[in-house]
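Reader: I would like to learn how to read charged side chains and a helix in a model like this one. Could you take me through them step by step?

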Amino acid sequence: MKIIETTLGNARDPEWIKTLEGATIDWLELDQWEAQKSRLRKATQQEVELALSLDRNTHLHDGDILAWDADKRAAIVARISLREVMIIDLADVVGENMEKMVQTLFELGHALGNQHWPAVVKGTKVYVPLTVDRKVMASVMKTHALPGVRYEFTPGSEVIPYLAPHESRRLFGGASDTPHSHHSDSQRHEHGHGHSHSHGHGH
């Protein structure tokens, strides 16, 4: 068991790019949920058991270097994989008359709810993580073909900067696709998720 209390830098830092040239890299694969934690036990790809014990207000970023053996020229590096996100843009719907707008938004909410897709609403955009194949999500959207509703797919890493930590957890929180359960946490976010984001439609 190797205890990691601090990171040594990031693989994208200029000095580390040079150092890591030709080195052996063992990856610690994390999803976005795990990356939010300062305490975690997990094995690397090469089965090295790690115990993270970082400062409470820090968390890992993609490319963070957790260990470096200068003699063996071997590093352990964090790799954070984020799912793609479907961004549904409702800007055109908001310009509609009130009845039409309410109907479209209700039908969209119903369609997403039927699929049990988690979502975060910010202003006139709805962010939905890809929990199933992109083709399946696109066909659901085409089936409902709601007027004025546009959508696109984008890498999760591009969305993260716009999200608060609890929103990231909701989108990438892995409760659906990691073997261990986070019930106490996900339920806490479950009933409070939409309460403060509905006021952004006027901007």
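Author: We are looking at a predicted model, and a good place to begin is Asp 64, which lies in strand 6, residues 64–69.

Reader: Is Asp 64 buried or exposed, and what is the nearest side chain of opposite charge?

Author: The general idea is that side chains of opposite charge can pair when their charged atoms come close. In this case Asp 64 is buried yet has no salt bridge, and the nearest side chain of opposite charge, that of Arg 12, is 6.8 Å away. Since a salt bridge requires the nitrogen and the carboxyl oxygen to be within 4 Å, Arg 12 does not qualify as a partner for Asp 64.

Reader: Which polar contact joins the side chain of Asp 64 to another side chain, and which backbone nitrogen does the side chain of Asp 64 reach?

Author: The side chain of Asn 10 makes a polar contact of 2.9 Å with that of Asp 64, while the backbone nitrogen of His 61 is reached by the Asp 64 side chain at 2.8 Å. If neighbours within four places in sequence are left aside, the residues in contact with Asp 64 are Thr 7, Gly 9, Asn 10, His 59, Ile 76, Val 77 and Ala 78.

Reader: How many salt bridges does a search of the whole structure find?

Author: The search finds eight salt bridges, and one of them is the pair Arg 79 and Glu 29, whose side chains meet at 2.5 Å, N to O. This pair links distant parts of the chain, with Arg 79 in strand 7 (residues 74–81) and Glu 29 in strand 3 (residues 24–31), 50 residues apart. Arg 79 is partly exposed, having a relative accessible area of 30%, and Glu 29 is likewise partly exposed, at 27%.

Reader: Which residues are linked in a network of salt bridges?

Author: Asp 89, Asp 92 and Arg 150 are linked in such a network, and it helps to take the two pairs in turn. Asp 89 forms a salt bridge with Arg 150, the closest N and O atoms being 2.9 Å apart. Because Asp 89 lies in strand 8 (residues 85–89) and Arg 150 in strand 11 (residues 150–154), the pair ties together parts that are 61 residues apart in sequence. The side chains of Arg 150 and Asp 92 also meet in a salt bridge, at 3.3 Å from N to O. Here Arg 150 in strand 11 is joined to Asp 92 in helix 3 (residues 91–94), so this pair ties together parts that are 58 residues apart in sequence. As for accessibility, Asp 89 counts as buried at 15%, whereas Arg 150 counts as partly exposed at 40% and Asp 92 is partly exposed with a relative accessible area of 40%.

Reader: Turning to the helix, which residues of helix 5 are buried?

Author: One reads a helix by asking where its buried residues point. In helix 5 (residues 134–144), Met 137, Ala 138, Val 140 and Met 141 are buried. They cover an arc of only 155° around the axis, which puts them on the same side of helix 5. What covers these buried residues includes strand 8, helix 4 (98–114), strand 10 (125–129) and strand 11. The face turned away from the buried side carries the exposed residues Lys 135, Lys 142 and Thr 143.

Reader: What is found at the start of helix 5, and which residue follows helix 5?

Author: At the start of helix 5, a side-chain oxygen of Asp 133 reaches to within 2.9 Å of the backbone nitrogen of Lys 135. Helix 5 is followed by Ala 145, whose phi is positive, near 30°.

Key: Residues are numbered from 1 along each chain as its sequence is written. This is a predicted model: local features need pLDDT of at least 70, side-chain atom pairs count only at pLDDT 80 or more; totals for chains, interfaces and linings use all residues. Side-chain values use heavy atoms; hydrogens and water are left out. Helices (H or I, at least four residues) and strands (E, at least two) are DSSP runs, numbered from the N terminus. Buried means under 20% relative accessible area, exposed over 50%, partly exposed in between (1.4 Å probe, protein chains only). Lys and Arg count as positive and Asp and Glu as negative; His and the chain ends are not counted. A polar contact is a pair of N or O atoms within 3.5 Å; within protein, one must be able to donate a hydrogen and the other to accept it, and residues adjacent in sequence count only if both atoms are side-chain atoms. Contact means heavy atoms within 4.5 Å. The arc is that of the directions from the helix axis to the C-beta atoms.
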